[in-house]
Amino acid sequence: VLIDGQDLFALSSSELRQFRSQIQMVFQDPFASINPRMTVMQVVEEGLLVQGVTQAARQQAVLESLKTVHLPADFIHRYPHELSGGQRQRVALARALVMRPKLLILDEPTSALDPELVQDVLETMKQLASEGWTMVVVTHEISFARDVADHVVLIEDGHVVEEGSAQQMFELSTHPRTQAFLQRIES
C-alpha cells in the first residue's frame with residue numbers, strides 16, 4: 001500500500017502510528033463509531049482534543065466541519081439518537097474532516113441509509129471531491145463512482161478483477177466480469 005509514495009508496509013510501528021494520523025475513516029454504520037452519550041460537538045472535536053487544540057479553535061473547526069457536511073451549527077448540542085441516519089453519517093464525516101486528513105476512507109457510507117438520505121451524503125461527498133479531497137470509497141453506488149471517481153477498482157471475492165479510469169471501467173471495459181456486472185446493474 002503506497003500513500004504519497006510511501007510504502008506503509010516498510011514503516012516502523014512509530015512511523016506508521018504517525019502516518020495514521022493523516023488518515024481518517026468513515027464506517028458503514030455511523031453508530032459503530034459514534035458514542036451515543038456524547039453530543040455532536042464532543043463527537044466531532046474528539047480527535048482535536050487528543051492533539052491539544054484550544055477550546056476556541058476546536059469549536060471553530062467543528063462548526064466549519066459541520067458546515068461542510070451541510071449540518072446547522074445548533075446541531076452541536078444534539079445527541080446521536082436525536083439525528084436521522086443521514087445526519088449521523090454526516091456527523092461521522094464531519095468528525096473525519098475536522099482532522100484535515102490527507103486521505104479519507106469511506107466504507108459503504110450510504111448502505112445503512114434510507115434511499116432519500118443517500119443523495120444527501122453523496123452530494124456532500126461530491127462536493128468534497130470537487131474541493132480536491134483524496135478519498136477511497138467502497139461503494140455500490142455506481143452512478144456516484146462513474147461521476148466522481150478518478151480511478152475505479154472492481155473487486156470480487158477479495159480479488160481485483162479490473163481497474164482503471166472511470167471512463168475505462170464504465171465505457172471501454174473489455175473484461176467479461178466487469179461487463180456482466182455493469183449489464184446487471186444497468187438493467
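Which residue in β5 is the bridge partner of Asp-107? In this predicted model, the partner is Val-138. That pair is a handy way into the fold, so to speak, of strands and helices laid out below.

**The parallel sheet**

- Let's start with the overall layout: three strands make an open sheet in the order β3-β4-β5, and the pairing is parallel.
- Strands β3 and β5 sit at the edges, since each of them pairs on one side only.
- Going from one strand to the next, the sheet twists by 15° on average.
- On one side of β4 (residues 103-107) you'll find β3 (residues 23-26), and the two strands are joined in the parallel sense by four bridges.
- To spot this pairing in the viewer, look for Gln-24, whose bridge partner in β4 is Leu-104.
- Strand β5 (residues 135-138) also runs parallel to β4, and four bridges hold this pairing.
- Besides the Asp-107 and Val-138 pair, you can look for Leu-106, which stands opposite Val-137 in β5.
- A general point to keep in mind as you look: along a regular strand, side chains alternate between the two faces of the sheet.

**Getting from β4 to β5**

- How does the chain travel from β4 to β5, and what is the hand of the crossover?
- The chain leaves β4, passes through helix α5 (residues 115-130) and arrives at β5, giving a β-α-β crossover that is right-handed.

**Helix α4 and its neighbours**

- Helix α4 lies across β3 and β4, and its direction makes an angle of about 175° with β3.
- Helix α2 (residues 40-50) packs against α4 (residues 85-97) at about 30°, and the two axes are 7 Å apart.
- Angles under 35 degrees count as roughly parallel, so α2 is roughly parallel to α4.
- The α2 and α4 crossing is right-handed.
- Where these two helices touch, Val-40, Val-43 and Val-44 of α2 meet Val-91, Ala-94 and Arg-95 of α4.
- Sort the residues of that contact by type and you get five nonpolar, no polar and one charged.
- Helix α3 (residues 55-68) is another partner of α4: their axes come within 9 Å and cross at roughly 130°.
- With that angle, α3 and α4 are therefore oblique to each other.
- The crossing of α3 with α4 is right-handed.
- Here the meeting residues are Ser-65, Leu-66 and Thr-68 from α3, and Ala-94, Arg-95 and Leu-97 from α4.
- This contact splits into three nonpolar residues, two polar and one charged.
- Try finding Ala-94 and Arg-95 in the structure: they turn up in the contact with α2 and again in the contact with α3.

**The hairpin**

- Further along the chain, strands β6 (residues 152-156) and β7 (residues 159-164) run antiparallel and are joined by five bridges.
- One pair to look for is Leu-154 with its bridge partner in β7, Glu-162.
- How many residues lie between β6 and β7 in their hairpin?
- There are two, and one residue in the turn, Asp-157, has a positive phi of about 55°.

Definitions and conventions: Residues numbered from 1 in each chain as written. Predicted model: local features only at pLDDT ≥ 70, side-chain atom pairs only at ≥ 80, totals over all residues. Heavy atoms only, no water. Pairing = 2+ DSSP bridges. Right-handed = clockwise from strand over helix to strand, strands pointing away. Axes fitted to C-alpha atoms, helices over the stretch in contact; angles between N-to-C directions. Parallel < 35°, antiparallel > 145°, perpendicular 65-115°, else oblique. Left-handed = near helix turned anticlockwise from the far one by under 90°. Contact = heavy atoms within 4.5 Å. Nonpolar A, V, L, I, M, F, W, Y, C, P; charged D, E, K, R; others polar.
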